[in-house]
Amino acid sequence: MKKIIVPSFLPGVLIICLVIGLVANMIFDTGTAIALLAIVLLMGISFLFVPQLNRMSFSKIRIGMLVGLGIMLMAQIMTLVFFPNTVYHDPYRVLSQADQMAANQNTWDITYFWRYPNNVPLAYLMSLWLRITQCFGLSTNIAIHLLSILVLDTFIIFFLVTIRRLNHRNSMVCGAFALFVLTPFAYTYYLQVFYSDLPTMLVLLLVLNWFLEWPKRSRAKKISAGVGLVVSILIGDLIKPNLIVLIPALIIVAVWLGVRKRLVRSQLIVPIVLVVLGFGLSVPATQAIYQASNYQTQSKFKLPATHWMLMGYNSRTKGTYSGTDVIHDDAKPNPKARQSYDVQQITRRIKKLGFIGVIKLWVTKIGLLLYVGDIQDWYNGGFRSAPVWYQQHAQFFNIVISLIYTTVTAVFWLILITRLMTWRIDLSDHQQVVALIAVVTALGYIAFHTLLWEVESRYGQAILPLLLFAFAAIPARSPRKILNLRFVTLKRYSVVVMTIIVFLTVGLAKVVADQHPQTIVVAAQRSQLSLQYGAQPDKMVPGETITEAVDLNGAINYFSVQVHDHAIMQVYLKNRDNGKQYQLTAAGGSYHIWHNFEPGRYQIIIKNNTQQRQNIDIVKTNNYQLARYPLVIDGQQNKTASLVYEGILNVK
């Protein structure tokens, strides 16, 4: 009788979370396709690719990866050139403020940063980068894209080096290469939208490396390593305060080592103290940034920590962001009143949910946290105007992007689960101790957003470097001992299997796209500071005309232009190719039209034919171009100003 494999406690908890994540990624329209692809890919990896890769010389592998990284860089540049997207919500507000500060305008004109002061350091650090790049005559667009490429590609390359350092199996580093380079990871959110998520992931990777290499370093090198560790934590905490989950994770591991009388031998006491020092230094550093950027807190706008806990227990939104909760908190006169209200509502919600209801909500939040199928939509308001060939098959491409990243993530989790199932932590092995730190930190992130905070799917990506690090660091057992199967070398079938995977991906994506068509954003400019944060409208004088050209590289049936609440004006969409003009009708704070528009060159025309000044929402920056064409006000062009508009193909 075979002995049932029972995982250790902490790896077991992580396994449960990953299983919930797997289910969450399978319950949508692409679920069946993901399951089929995952099975084929998993079998191909296990029985074909792993044995072959491990028999190859690493010099050949290295050359192949260098070529692949070069191709990746070219693909990234082409993506940024031909698929510029419209960044909106928090990343745009931070970028807009950084662009403003880089132009020596240290003013804070919207309430966003008084409500969310944690993003002030990020805006300030980005402004420093923009100042440097302006010395070379670079626009904010080029500068921010360059920063994205530098951080993203540094993360990828450093991770590949780390994987090789941890595990000398060729298949391990090739798997990491495939996950980063051959999936949407390197070409979507982390490339097109610069925000705090990717720098935080890089900081986590750096910290794990400092811990890993610490015992091997000489006393002199430990000084430089210690400085690097403190600076990494300092910058990480300035950019993303929830990095603080490292502290309880390190305490748990330290206590465990202490109980087993291995804390001193592990040589982790000094690095842990340095991590705490880094977090401590972030407090005066934050105040210094406030002073340098002329930022002053406004308590009347500040939201207490309980606000995010309130949203986290909102069963109607499944623990995600709740606009209703924000409105209710905003209505309170001060932070103390908001905190009192939040605590009261949290108590009510937990009582209403009951024990079973709370557990269900937690499971739902874990599923949302680990969902990865919408990576191309994170803070992406749509492409400004994607190429014609893309628009003709946009449904298909959107499904392919989701299908590839979700399938590869699912396969990685499944392989990681098998590794965690058999892992018996050896505290005498320093590499396994650091792997334990990675696992406990990952559980800390999951627990933080599940038990305390509100949740979004992109939050869960913070654990990606932690899981990959742990996977490479945990010693592997022979698959024969787990599956009792014999591996067969099928070298001549490799091309056949790869061809099957490609055709299966294309075929399944085509089927899902045809059966479950989604709304497609054909052209858009949705970057704005938002009225909810006190963004002020411009004034349109009587008789004034505003125009902005826009290309529709695909057919649409809906077009809208944001104007302003209660504004009275005439808004038209004119076809520049044939001269036809279509009038939009008022709909709250915008004007819109439902009509089948063919691809072509169009122009938005707004006229104030009243005798009074009218409010209009115009987005302006200093050195950041929002749209392809300039905004024209009575013949005067402004390349860094734009209307807020979108043209979509609604197929539902």
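Which residues in H2 meet which residues in H19? Keep that in mind as you open the structure, which is a predicted model.

**Stop 1: two crossing helices**

Start by selecting residues 31-55, helix H2, and residues 394-421, helix H19. Their axes come within 9 Å of each other and cross at roughly 55°. That angle makes H2 oblique to H19. The crossing of H2 past H19 is right-handed.

Now show side chains for the contact. From H2, pick Ala33, Ile34, Leu37, Ala38, Leu41, Leu42 and Ile45. From H19, pick Leu403, Thr406, Thr407, Val408, Val411, Leu414 and Ile415. Color them by class, and this contact between H2 and H19 splits into 12 nonpolar residues, 2 polar ones and no charged ones.

**Stop 2: Ser46**

Stay on H2 and click Ser46, which lies in that helix. Is Ser46 buried, partly exposed or exposed? Its relative accessible area is 26%, so Ser46 counts as partly exposed. Next, draw a distance from its C-alpha to the C-alpha of Ile415: you should get 9.5 Å, although 369 residues separate Ser46 and Ile415 in sequence.

**Stop 3: a covered strand**

Jump to residues 556-562, strand E6. How many of the residues of E6 are buried? The strand is mostly covered, with 7 of 7 residues buried.

Add strand E10, residues 590-597, to your selection. E6 and E10 run antiparallel and are joined by 6 bridges. To see one pairing, select Tyr558, which stands opposite Trp594 in E10.

Then bring in strand E17, residues 644-649. E17 is also antiparallel to E6, and 5 bridges join them. Here, go to Gln562, whose bridge partner in E17 is Val644.

While you have the strands on screen, look at where the side chains point. In a regular strand, they alternate between the two faces of the sheet.

**Stop 4: two loop residues with positive phi**

Some background for this last stop: most residues other than glycine have a negative phi.

Select Asn294, in the loop between helix H14 (269-292) and helix H15 (306-312). Asn294 has a phi near 60°, a positive value in a residue other than glycine. With a relative accessible area of 48%, Asn294 is partly exposed.

Finish at Tyr379, in the loop between helix H17 (335-369) and strand E2 (380-383). The phi of Tyr379 is positive too, near 55°. Is Tyr379 buried or exposed? Its relative accessibility is 10%, so Tyr379 counts as buried.

Note on methods:
Residues numbered from 1 in each chain as written. Predicted model: local features only at pLDDT ≥ 70, side-chain atom pairs only at ≥ 80, totals over all residues. Heavy atoms only, no water. Axes fitted to C-alpha atoms, helices over the stretch in contact; angles between N-to-C directions. Helix = DSSP H or I, 4+ residues; strand = E, 2+ residues; numbered from the N terminus. Parallel < 35°, antiparallel > 145°, perpendicular 65-115°, else oblique. Left-handed = near helix turned anticlockwise from the far one by under 90°. Contact = heavy atoms within 4.5 Å. Nonpolar A, V, L, I, M, F, W, Y, C, P; charged D, E, K, R; others polar. Buried < 20%, exposed > 50% of the residue type's maximum accessible area, 1.4 Å probe, protein only. Pairing = 2+ DSSP bridges.
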